[in-house]
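Hi,

Here is the structure for you to look over. My notes follow below it.

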Amino acid sequence: MVGLSRSQQRALEQFAHRPLEATTEPLVALLVSTIALGVLTGLSLVYYGYVQWRYARYRRLELECDRQ
């Protein structure tokens, strides 16, 4: 079978008649995905910092107990 499938033909027709609406949805999805990834990255960094701080605090208290 050669040529475009039925869904590809519909997408092409939609793009030809309404180019702005046809491209807006993928751009919105990309924007939302980018924001979600940024938030997830930020939360991961905050959690990593918290774990490092908690371990350093635990280690400091452990060393202080050894000195006494």
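**Salt bridges and a surface patch**

Arg59 is partly exposed, at 36% relative accessible area (buried is under 20%, exposed over 50%, partly exposed in between, with a 1.4 Å probe and protein chains only). Note that this is a predicted model: local features need pLDDT of at least 70, side-chain atom pairs count only at pLDDT 80 or more, and totals for chains, interfaces and linings use all residues. Residues are numbered from 1 along each chain as its sequence is written, and side-chain values use heavy atoms, with hydrogens and water left out.

Arg59 forms a salt bridge with Glu62 (a side-chain nitrogen of Lys or Arg within 4 Å of a carboxyl oxygen of Asp or Glu). The closest N and O atoms are 2.6 Å apart. Glu62 is partly exposed too, at 29% relative accessibility. The two residues are three apart in helix H2, so about one helical turn separates them. Helices are DSSP runs (H or I, at least four residues), numbered from the N terminus.

How many salt bridges does the structure hold? Two. Arg60 pairs with Glu64, with 3.6 Å between the closest N and O atoms. Both lie in helix H2, four residues apart, about one turn. Arg60 is partly exposed at 45%, and Glu64 at 35%.

Helix H2 covers residues 19-67 and includes Ile35. Ile35 joins Leu31, Val39 and Leu43 in a nonpolar surface patch, with about 400 Å² of accessible area together. Patch residues have over 30% relative accessible area and no salt bridge; nonpolar side chains (Val, Leu, Ile, Met, Phe, Trp, Tyr) are joined within 5 Å, like charges within 9 Å. Areas come from the Shrake-Rupley method with a 1.4 Å probe; for residues, only the protein chains shown count as cover.

Best wishes
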